[in-house]
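Subject: Two-chain model, handed over with notes

Hi,

Here is the structure I promised. Please open it first, then read the notes below.

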Amino acid sequence: MKFLESFFDRNRPQKSNTFFYLYEVVQNFFFSSKVATTGKTHIRDRVDVQRIMVVVWLATFPAMFWGMYNMGYFGLDYLDKGGFSTTGDWHNSLIQLVGTDSSNHLHRFWFGMVYFVPIYLTVFITGIACEAIFSTIRRHEINEGAFVSTVLFSLSCPPDIPLWQAASGIAFGIVVGKELFGGTGKNFLNPALTGRAFIYFAYPTELSGDMVWVAGLADNGSIDGYSGATALGIAALEGMNGINSNFSWGQTFFGQIPGSIGETSTFLILLAGAYMVYTKIASWRIIFGTLAGMVVMSSALNLIGSDTNPMFAIPWYWHLTIGSFAFGLVYMATEPVSAANTNMGRWIYGISIGVIVVLIRVINPAFPEGMMLAILFANLLAPAIDFTITSLNTSRRMERYNS
Amino acid sequence: MKEIKLKGGLNVPLFGSVEKFIVEDLEPKFIGILSEDYFGLKPKFLLSEGDQVRVGQPIIEDKTNQGFKIVSPVSGVISSVNRGEKRGLISVEIENDKKNTLFELNISGDVGEDLNNAGLWDSFRERPFDRVPNINSKPNYIFVNCCRKDPLELNPNLIISKENHFFDLGLDVLEELAENAVFICGNEEIETANENVEKFLISGKYPSGNSSAHIYKICPIRKSKKTWTISWQDVIRIGKYISNKSYCFEKYVSVTGSACIEPKLFKTISGASLTELTAGNTSKESRLVSGSALYGTSGDSYTSYLTRYSDQVTIISDERKANLFNWLKLGEKDHSATNVFLSSITKPEKFDFDTNVNGGYRAIVPIGVFDEVNVFDIDPTLFLKSLAIGDLVALRELGIFDLIPEDMSVFSYVCPSKYDYVALFKDCIDDIWKEENS
């Protein structure tokens with residue numbers, strides 16, 4: 001590897017060169033930088049932004065692998081029940097390479113991979129390309145944040161999403177959600193969620209309803225007695241009775257439900273969350289704040305009750321496991337840049353997400369899924385929260401200082 | 001005796017601390033006076049390159065602080081006056097003839113004037129700008145810092161208790177100067193016969209030894225009150241001056257660091273040359289720092305001298321190597337304020353550091369480490385972001401007047417985006433100073 005190292009050293013461009021930042025990010029992928037500290041602080045922490053992003057990326061692995069297996073489970077189950085021999089699109093030839101036995105674990109996993117890997121690849125290449133082109137033109141460093149945005153965006157997609165929609169979503173997320181404002185570190189919205197919200201509203205026919213949550217369902221059409229609806233979708237229509245007749249709480253907690261690729265297993269997501277809190281990359285204040293807000297708000301609505309809206313009766317532990325609450329809680333709400341930046345602010349930020357998500361899920365008739373919008377709303381609130389918190393600090397200080 | 005426990009902060013466990021209290025004397029051949037030690041200095045030269053100087057002879061007068069003199073701590077020849085951009089002064093280097101011929105010392109009876117004549121006025125620094133106070137001004141509060149600022153330097157208490165007599169005499173002078181109170185902050189109980197000073201016991205992680213942390217806990221800065229700081233070392237020097245009626249430029253210096261073969265304690269002269277202090281004591285390719293690894297000055301040959309306010313020299317390895325696929329490294333030997341490395345589980349007692357930045361420069365990603373290591377009364381993330389964009393109006397409100405550059409070093413250390421907040425702080429406080437004094 002000496003040869004590669006000297007290759008990079010020899011070809012290091014000037015900082016004024018157009019491709020300096022592109023060179024830097026590629027070099028950083030292979031080798032750590034050899035730049036020496038200047039100024040007064042002579043030693044530095046070993047952590048850098050690249051490492052932080054790698055930790056988050058690793059933390060998505062459990063949800064990602066479970067997501068693939070689970071997609072295969074429901075996809076093959078559906079094919080079996082409908083008596084279909086093909087998924088009806090280009091995925092089929094790849095799936096046939098291994099087989100379509102609906103009780104074989106490997107076949108399930110392969111099925112999921114065939115659906116997920118193309119989505120992830122498309123999103124990854126599009127997202128990184130947007131970031132690289134933008135950064136090169138704007139002449140600022142290419143940030144590894146795009147790395148995380150792309151994987152999170154992929155995991156938040158439904159299994160059957162057309163690839164061009166996934167590509168346009170992440171492009172919107174990276175460019176409008178982040179790069180227009182200066183790149184990672186300066187974005188006020190979570191880029192992955194911005195992209196997700198964009199495709200949600202831009203292509204509602206393909207990305208909502210009951211048809212998109214099981215791979216292959218949209219192409220072959222529905223079959224009698226089979227519903228591809230998510231637990232949250234059922235809850236919105238039929239309330240607790242509806243969920244109970246389809247899923248047990250354990251199934252929703254461990255992730256044996258249809259849904260977006262990465263969101264199904266609350267258990268694995270919480271495990272990843274524990275890892276991120278341990279490494280101090282994710283803020284525990286935001287996570288517990290969000291949980292607290294959700295528990296209090298949903299319990300309050302339980303108490304109030306409603307005869308016409310069945311969602312009022314959903315208790316907090318179901319809110320936790322159905323839909324993308326856990327996924328958003330661990331991976332999206334904790335995004336440090338668009339969250340509040342003070343410790344007190346992080347609590348308030350978290351609580352407001354928890355409250356808003358229940359409000360949207362229960363009171364809003366149009367969207368059963370509230371987590372995405374709740375986090376985006378809270379992103380918009382974050383600067384105001386910080387401003388209020390620091391005002392307390394600054395007004396106290398100025399009063400003292402001027403006395 | 002009151003106890004103050006500071007929350008937050010960071011333990012940076014480095015190798016190479018001075019443990020034994022064995023003093024070696026060293027009279028340096030070269031000494032240097034560095035202009036960066038004096039905030040806002042506009043020098044007027046009383047002597048020029050090649051002139052003979054005697055101990056205590058004024059070399060520079062500050063035009064922005066009428067009457068304040070920077071004096072030579074040794075006798076000999078001014079070997080060079082180094083200037084940088086726009087002919088701004090960088091350093092004055094003096095070759096010591098070791099004859100110790102003294103400049104005539106005037107003692108008038110006025111404390112301030114006498115200290116200035118003895119070259120001791122710069123022992124004091126006034127907040128908010130961390131600047132040598134105006135001659136003839138009197139402080140309301142003086143904070144004496146007896147804390148071990150960096151874990152590598154010798155526990156100052158050992159020296160203070162040995163020089164107890166002089167320390168007490170120095171405190172008497174401070175008491176005479178201060179209109180309201182003198183506070184002593186130490187990590188251990190400081191023994192002193194002086195009963196009028198208020199003593200505080202400080203505990204906490206780095207940077208809880210910094211005076212800024214003590215000031216906000218004990219008696220926060222107000223515009224109408226003058227707050228000065230002084231280090232234990234200078235109190236002893238003032239005491240010796242009072243006792244002997246003669247110049248005193250001696251200084252205890254811990255030579256420390258992971259690339260230092262044998263950490264030692266020297267008794268030398270203020271401004272001593274770093275190369276002489278570390279001669280034969282460095283291993284590998286290393287960087288000499290006046291101060292600690294977290295906050296210190298390392299310069300080229302013009303500025304490689306002990307800075308006015310540091311009692312420590314640190315030698316750090318300057319060898320940097322690139323790791324292949326660094327982002328996958330387990331890091332069982334890598335220190336971090338976060339827990340992303342295996343070292344958070346194996347918990348080695350000490351870590352080896354080098355001068356690598358350990359990453360690429362990125363925009364600030366505030367994952368919350370700033371809040372965790374903060375010991376001051378600020379909202380760190382917003383403060384640091386304001387530094388990065390140079391928002392002077394916001395910085396005033398967010399508390400820049402309560403802090404000085406050295407307080408920023410802990411944030412520079414932990415920053416995953418590798419910002420240098422010390423340098424940013426200096427730029428901002430310089431601009432504020434210019435705004436208020438033009």
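Contact here means heavy atoms within 4.5 Å. On that rule, the contact between the chains takes 61 residues from chain A and 82 residues from chain B. Bear in mind that this is a predicted model.

**Chain A against chain B**

About 6700 Å² is buried between chain A and chain B. Carbon and sulfur atoms give 51% of that area. On the chain A side, Lys40(A), Arg44(A) and Arg46(A) lose the most area to chain B. Together they account for 14% of what that side buries.

Charge pairs cross this interface too. The count between the two chains is nine salt bridges. One pairs Lys280(A) with Glu372(B), at 2.5 Å from N to O. Polar contacts between chain A and chain B come to 45 residue pairs, with both residues at pLDDT 80 or more.

Which helices of chain A supply at least two residues each to the side that touches chain B? They are H2 (20-30), H3, H18 (343-363) and H19. The largest share, 11 residues, comes from H19(A).

**Inside chain A**

The domain assignment splits chain A into domain 1 (45-221) and domain 2 (230-403). Their C-alpha centres lie 22 Å apart. The contact takes 36 residues from domain 1 of chain A and 34 residues from domain 2 of chain A.

The area buried between these two domains is about 3000 Å². Carbon and sulfur atoms give 75% of it. Trp66(A), Leu193(A) and Trp213(A) supply 19% of the area that domain 1 buries against domain 2, more than any other three residues.

How many salt bridges link domain 1 and domain 2 of chain A? The count is zero. Polar contacts do occur there: the rule finds 11 residue pairs, both at pLDDT 80 or more. On the domain 1 side, five helices of chain A each supply at least two residues that touch domain 2: H3 (49-59), H4 (61-82), H6 (105-138), H7 (145-156) and H9 (191-202).

**Nonpolar cores**

The largest nonpolar core has 171 residues. Those with the most contacts inside it come from both chains: Tyr331(A), Tyr349(A), Phe383(B), Leu387(B), Ile400(B), Met408(B) and Tyr421(B). Helix H19 of chain A (residues 371-402) gives the most to this core, with 11 residues.

Take Met408(B) as a place to zoom in. Leaving out residues up to four places away in sequence, Met408(B) touches Phe383(B), Leu384(B), Leu387(B), Leu403(B), Tyr421(B), Val422(B) and Phe425(B). A second, separate core has 57 residues. Among them are Val53(B), Val111(B), Leu115(B) and Trp232(B).

**Salt bridges in chain B**

Over all chains, the structure holds 28 salt bridges. Glu250(B) forms one with Lys267(B), the closest N and O atoms being 3.8 Å apart. Glu250(B) lies in strand E15 (residues 250-256) and Lys267(B) in strand E16 (residues 264-269) of chain B, so the pair ties together parts that are 17 residues apart in sequence. Lys267(B) counts as partly exposed because its relative accessibility is 23%, and buried would need under 20%.

Lys240(B) touches both residues of that pair. Its other contacts are Glu163(B), Phe166(B), Lys245(B) and Cys248(B), again not counting residues up to four places away in sequence. Lys240(B) lies in helix H5 (residues 232-244) of chain B. Is Lys240(B) buried or exposed? At a relative accessible area of 7%, Lys240(B) is buried.

Arg396(B) has two partners worth a look. Arg396(B) forms a salt bridge with Glu435(B), with the closest N and O atoms 2.9 Å apart. Arg396(B) lies in helix H10 (residues 392-398) and Glu435(B) in helix H12 (residues 421-436) of chain B, so this pair ties together parts that are 39 residues apart in sequence. The side chains of Arg396(B) and Glu436(B) also meet in a salt bridge, at 3.5 Å from N to O. This pair again links H10 and H12 of chain B, with the two residues 40 apart. Both acidic partners count as partly exposed: Glu435(B) at 47% relative accessibility and Glu436(B) at 44%.

Lastly, a network. Asp122(B), Asp234(B), Arg237(B) and Arg308(B) are joined into one by salt bridges that share partners.

Best wishes

Terms used. Residues are numbered from 1 along each chain as its sequence is written. Chains are lettered from A and ligands numbered from 1 in the order in which they are written. This is a predicted model: local features need pLDDT of at least 70, side-chain atom pairs count only at pLDDT 80 or more; totals for chains, interfaces and linings use all residues. Side-chain values use heavy atoms; hydrogens and water are left out. A nonpolar core is a set of buried Ala, Val, Leu, Ile, Met, Phe, Trp, Tyr and Cys residues joined through side-chain atoms within 4.5 Å. Buried means under 20% relative accessible area, exposed over 50%, partly exposed in between (1.4 Å probe, protein chains only). Helices (H or I, at least four residues) and strands (E, at least two) are DSSP runs, numbered from the N terminus. A salt bridge is a side-chain nitrogen of Lys or Arg within 4 Å of a carboxyl oxygen of Asp or Glu. Domain bounds come from an automatic or database domain assignment. Buried area is the accessible area (1.4 Å probe) that two parts lose on being put together, summed over both. A polar contact is a pair of N or O atoms within 3.5 Å; within protein, one must be able to donate a hydrogen and the other to accept it, and residues adjacent in sequence count only if both atoms are side-chain atoms.
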